Amino acid sequence: MKKLWNQYCYAILLIGLSFVLALVLAEKSPTPIEEDYLTIKVEEGDSLWQLAKTYADEHQLSPAEFIKWVKNANEIDEAIYVGDSIVIPVKKDGLYIASSRENE
């Protein structure tokens, strides 16, 4: 075993460091969804159905499709909570300016 370590220690260390570096970079880089779509902060009284209706003119999805997209993109099981930041399927460069919500 010691002979193998002596022969391949640099290769093993290089592979290990590469793996750690890849994990660190993957955590820090924003996902394409976050770059392309609008991120909102959930406010008191917000629900996924209400958000689907609020942004209905800015997306081409049915309310059920909107909710499914939001749940999948944000890894939400059932509920959203006040203060949560969620990504919604509305392009950042869309009609969002006319909305009363703040872009984060």
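These legends walk through several close-up views of a predicted model. Because the structure is predicted, local features need pLDDT of at least 70 and side-chain atom pairs count only at pLDDT 80 or more, while totals for chains, interfaces and linings use all residues. Residues are numbered from 1 along each chain as its sequence is written, and side-chain values use heavy atoms, with hydrogens and water left out.

**View 1. The whole chain, with its 4 helices and 2 strands.** Along the sequence the order is α-α-β-α-α-β. Helices (H or I, at least four residues) and strands (E, at least two) are DSSP runs, numbered from the N terminus. Of the 104 residues in the protein chain, 25% are buried; buried means under 20% relative accessible area, exposed over 50%, and partly exposed in between (1.4 Å probe, protein chains only). The accessible surface adds up to about 8,000 Å², and carbon and sulfur atoms own 58% of that. Those areas come from the Shrake-Rupley method with a 1.4 Å probe, and for residues only the protein chains shown count as cover. Take the contacts (heavy atoms within 4.5 Å) between residues at least 6 apart in sequence: 66% of them join residues at least 24 apart.

**View 2. The largest nonpolar core, 15 residues in total.** A nonpolar core here is a set of buried Ala, Val, Leu, Ile, Met, Phe, Trp, Tyr and Cys residues joined through side-chain atoms within 4.5 Å. The members that touch the most others are Ile 40, Leu 51, Tyr 55, Phe 66, Val 70, Ile 86 and Ile 88. Two or more residues each come from β1 (37–41), α3 (48–54), α4 (63–74) and β2 (85–91).

**View 3. Strand β2 against β1, centred on Ile 86.** The two strands run antiparallel and share 5 bridges; strands count as paired if DSSP finds at least two bridges between them. Ile 40 sits opposite Ile 86 in β2. Skipping neighbours within four places in sequence, Ile 86 has contacts that include Leu 38, Val 42, Leu 48, Leu 51, Val 70, Asn 74 and Ile 76. Strand β2 is mostly covered, with 5 of its 7 residues buried.

**View 4. Pro 89, also in strand β2.** This proline is buried, at 9% relative accessible area. Leaving out residues up to four places away in sequence, Pro 89 touches Tyr 37, Glu 58, His 59, Leu 61, Phe 66, Trp 69 and Val 70. Val 70 is 19 residues away along the chain, yet the C-alpha atoms of Pro 89 and Val 70 are separated by 7.2 Å.

**View 5. Two loop residues, Glu 75 and Ser 47.** Glu 75 is in the loop between α4 and β2, and its phi is near 55°, a positive value in a residue other than glycine. Most residues other than glycine have a negative phi. Glu 75 is exposed, with a relative accessible area of 73%. Ser 47 belongs to the loop between β1 and α3 and counts as partly exposed at 30%. The C-alpha atoms of Ser 47 and Tyr 81 are 8.7 Å apart, with their positions 34 residues apart along the chain.

**View 6. A nonpolar patch on the surface.** Met 1, Leu 4, Trp 5, Tyr 8, Ile 12 and Leu 13 make up this patch and together have about 690 Å² of accessible area. Patches are made of residues with over 30% relative accessible area and no salt bridge; like charges are joined within 9 Å, and nonpolar side chains (Val, Leu, Ile, Met, Phe, Trp, Tyr) within 5 Å. A salt bridge is a side-chain nitrogen of Lys or Arg within 4 Å of a carboxyl oxygen of Asp or Glu. Leu 4 lies in helix α1 (residues 2–28) and is partly exposed, at 48% relative accessibility.
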